[in-house]
Amino acid sequence: MKISAINVGDKLQGKVQEDMEHPFIGTVEKVYSNSALLTIDDYDPKDSDNVAELNHKIIVNVNSLKKLKDNNTPDKSTTTK
């Protein structure tokens, strides 16, 4: 995903192996040059301790983010590397 495609308020799916074991959905709060600050909205219950430790906020590299379709499911046509 390109940084120019990310706007504050967007709902995105993220995957961060270092901090979260499973994918999560978050709302963009701030956009940086190669990453975005997200509020974690929806996550696997197994990650609840990690989310609490992160205070429901995480910075994610744009390469680990995917746009969501209107119904908050990952868009399969969006690919990340």
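This short presentation describes the strands of one predicted model and several residues in or beside them.

Good morning, colleagues. I shall begin with the sheet. Five strands make up an open sheet, and their order across it is β4-β3-β2-β1-β5. The pairing between the strands is antiparallel. At the edges lie β4, covering 57-61, and β5, covering 65-67, and each of these pairs on one side only. From one strand to the next, the twist averages 45°.

Let us look at one of those edges. Strand β1, residues 11-14, is joined to β5 by three bridges, and the two strands run antiparallel. Which residue in β5 is the bridge partner of G14? The partner is L65.

I turn now to the other edge strand, β4, where I59 is found. In sequence, I59 and L38 are 21 residues apart, yet in space their C-alpha atoms are separated by 6.2 Å. If residues up to four places away in sequence are not counted, I59 touches Y32, S35, A36 and L37.

Next, strand β3, which spans residues 35-43 and contains T39. Is T39 buried or exposed? T39 has a relative accessibility of 19%, and because buried means under 20%, T39 counts as buried. Its contacts, leaving aside neighbours within four places in sequence, are I25, G26, T27, E29, H56 and K57.

One of those contacts, H56, brings me to my last region. H56 lies in the loop between α1 and β4, and N55 lies in that loop as well. The helix α1 covers 48-53. What is the sign of phi at these two positions? For N55, phi is near 55°, a positive value in a residue other than glycine. For H56, phi is also positive, at about 60°, and H56 is not a glycine either.

The accessibilities of these two loop residues deserve a word. N55 has a relative accessibility of 59%, and therefore counts as exposed, the cut-off being over 50%. H56, at 35% relative accessibility, counts as partly exposed.

To summarise: the predicted model has a five-stranded open sheet with antiparallel pairing, and its edge strands are β4 and β5. T39 in β3 is buried and is in contact with H56, which belongs to the loop between α1 and β4. In that loop, N55 and H56 have positive phi values, near 55° for N55 and about 60° for H56.

Thank you for your attention.

Technical notes
Residues are numbered from 1 along each chain as its sequence is written. This is a predicted model: local features need pLDDT of at least 70, side-chain atom pairs count only at pLDDT 80 or more; totals for chains, interfaces and linings use all residues. Side-chain values use heavy atoms; hydrogens and water are left out. Helices (H or I, at least four residues) and strands (E, at least two) are DSSP runs, numbered from the N terminus. Buried means under 20% relative accessible area, exposed over 50%, partly exposed in between (1.4 Å probe, protein chains only). Contact means heavy atoms within 4.5 Å. Two strands pair if DSSP finds at least two bridges between them. Axes are lines fitted to C-alpha atoms, for helices over the stretch in contact, and angles run from 0 to 180 degrees between N-to-C directions.
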